[in-house]
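Trainee: I'm new to this one, so can you walk me through it and tell me how each label is earned?

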Amino acid sequence: MASVTIRNAVKSYGTMEVLHGVSLAAQDGEFVVLVGPSGCGKSTLLRMIAGLESITDGDIDIGGRVVNELEPKERDIAMVFQSYALYPHMSVRDNMGFSLKLARRSRKEIEEAVNRAAGILALEPLLDRYPRQLSGGQRQRVAMGRAIVRNPAVFLFDEPLSNLDAKLRVQMRSEIKALHQRLGSTMIYVTHDQMEAMTMADRIVVMRAGKIEQVGTPLEIYDNPANSFVAGFIGSPSMNLIEGTVMEKDGTVVLRDDGGADWSLAEAARAHLGRSVTMGIRPEQIVTRDGAISGTVVNVEPTGAETHVQVQVGANSIVVVLRDRFAGAVGSSIGIASLPERVNLFCRETGARLALSPG
């Protein structure tokens, strides 16, 4: 096991800079997930750690050793790709042991390592099969087994579940998390799926346009997003973002949105009276209530355990998540209200989170 420290990493392709002085530390044994929209630089950063991309400036340190100039095979890492990259003419056993064979390990050592990895991943019955005889989930487990046999200091995952169907993705999320707990190895995982990040990570790194927007535990980022971008990116359905002005009404603090609706705010928001802001409220933190803000139901999505209701309030399209069955029809009126103690406020110009207390 080893820590990974990235200091002011810059990556440029000619005159185009795609990573802008990124700094990050993954602790020994930590599961860190890099998440962000396509093109944010997360896979480029992972490939720089692996040595598959050169670093333009800055340092990458693995286990206390700067590895900028080291070849991938010298970095003591193993990488699992989106494509399984299995040799079709080799059995599962031979695919998993191939890197050790190249390293001229003894037959006994290879056999022991393959059997150990197969036991961890429940692949023993499949060792004599070929990739064409495996399901997608089984092929991905073989790809992980090929990484495990090397006993690396750091595991790197580049969107390994993207090619799987929804049910298999859920299963493999659990299997990778269980693998991390069993091995205790440092793992850095790249995904564009924020649900993978929320359910698997010890810490999440949210990236945008070659920069890190926020680093924190899943619940820290979910409950206290650093800015409106993180607020809108993390969570499914995403946070409702409503623009307006903080005002006082009948002795209480409200956000008067641009359409004239008044949303209740916590008393601590009084520090921002008169300020133009963006209010963020999670869909599950909005309640239905007679006499509250009136809206029109424009879509209803029953998911079984909950119902997602899209409500039009003036120019704002608000998503509400209800735990109970919803009897309203599209086109009907509904009253909704925010839970003021759960509201986030962001600067309308910069998107930065605003403190909800004076000073």
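Mentor: Sure, let's begin with a term: a helix here is a DSSP run of at least four residues, numbered from the N terminus. Keep in mind that the model is predicted.

Trainee: Okay, which helices supply at least two residues each to the lining of the second largest pocket?

Mentor: Those are H2 and helix H3, which runs over 107-120. H2 brings the largest share of that lining, with five residues.

Trainee: How do you know which residues count as lining for the second largest pocket?

Mentor: A lining residue needs an atom within 4 Å of a pocket point. Going by that cut-off, the second largest pocket is lined by Met 90, Arg 93, Asp 94, Gly 97, Phe 98, Lys 101, Arg 107, Ile 110, Glu 111 and Val 114. Its volume is about 240 Å³.

Trainee: What makes a lining residue there charged, polar or nonpolar?

Mentor: Asp, Glu, Lys and Arg count as charged, and Gly goes with the polar ones. Sorted like that, the lining of the second largest pocket comes to five charged, four nonpolar and one polar.

Trainee: And what about the largest pocket: what is its volume, and which residues lie nearest its centre?

Mentor: It holds about 670 Å³ of space. Its lining has 21 residues, and those nearest the centre are Ile 77, Ala 78, Met 79, Ser 99 and Arg 150. By class, the lining of the largest pocket splits into 15 nonpolar, five charged and one polar.

Trainee: Which elements each supply at least two residues to that lining?

Mentor: Strand E6 (77-80), helix H2 (92-102) and helix H4 (136-148) do. H2 gives the most to the largest pocket, with four residues.

Trainee: H2 keeps coming up! Why is H2 called oblique to H3?

Mentor: Start with the angle: the axes of H2 and H3 cross at roughly 130° and come within 9 Å. Roughly antiparallel needs an angle over 145, and roughly perpendicular stops at 115. The angle falls in neither range, so H2 is oblique to H3. As for handedness, H2 passes H3 in a right-handed crossing.

Trainee: Which residues make the contact between H2 and H3?

Mentor: From H2 you have Arg 93, Met 96, Gly 97, Leu 100 and Lys 101, and from H3 there are Ile 110, Ala 113, Val 114, Asn 115, Ala 117 and Ala 118. Seven residues of this contact are nonpolar, two are polar and two are charged.

Trainee: What makes H4 roughly parallel to H5?

Mentor: Their axes cross at roughly 20° and come within 11 Å, with H5 spanning residues 166-183. Angles under 35 degrees count as roughly parallel, so H4 and H5 get that label. H4 also passes H5 in a right-handed crossing.

Trainee: How do you know that H4 and H5 are in contact?

Mentor: Contact takes heavy atoms within 4.5 Å. Gly 137, Gln 140, Arg 141, Met 144 and Ile 148 in H4 meet Leu 168, Gln 171, Met 172, Glu 175, Ile 176, Leu 179 and Leu 183 in H5. That contact has seven nonpolar, three polar and two charged residues.

Trainee: And where do H2 and H4 meet?

Mentor: Val 92, Asn 95, Met 96 and Ser 99 in H2 meet Val 142, Gly 145 and Arg 146 in H4. Three of these residues are nonpolar, three polar and one charged. The two axes come within 7 Å and cross at roughly 35°.

Trainee: Last bit, the loops. How do you know whether the peptide bond from Ser 236 to Pro 237 is cis or trans?

Mentor: Look at omega: it is near 0°, and the bond is cis. Pro 237 lies in the loop between helix H8 (228-233) and strand E11 (240-249).

Trainee: And what stands out about Ala 122?

Mentor: Its phi is positive, about 55°, although Ala 122 is not a glycine. You'll find Ala 122 in the loop between H3 and H4.

Definitions and conventions. Residues numbered from 1 in each chain as written. Predicted model: local features only at pLDDT ≥ 70, side-chain atom pairs only at ≥ 80, totals over all residues. Heavy atoms only, no water. 1 Å grid on protein atoms, 1.4 Å probe; cavity = no way out; pocket = protein on both sides within 12 Å on 5 of 7 lines; lining within 4 Å. Points joined across faces, edges and corners; volume = space filled by probe spheres on them. Axes fitted to C-alpha atoms, helices over the stretch in contact; angles between N-to-C directions. Parallel < 35°, antiparallel > 145°, perpendicular 65-115°, else oblique. Left-handed = near helix turned anticlockwise from the far one by under 90°.
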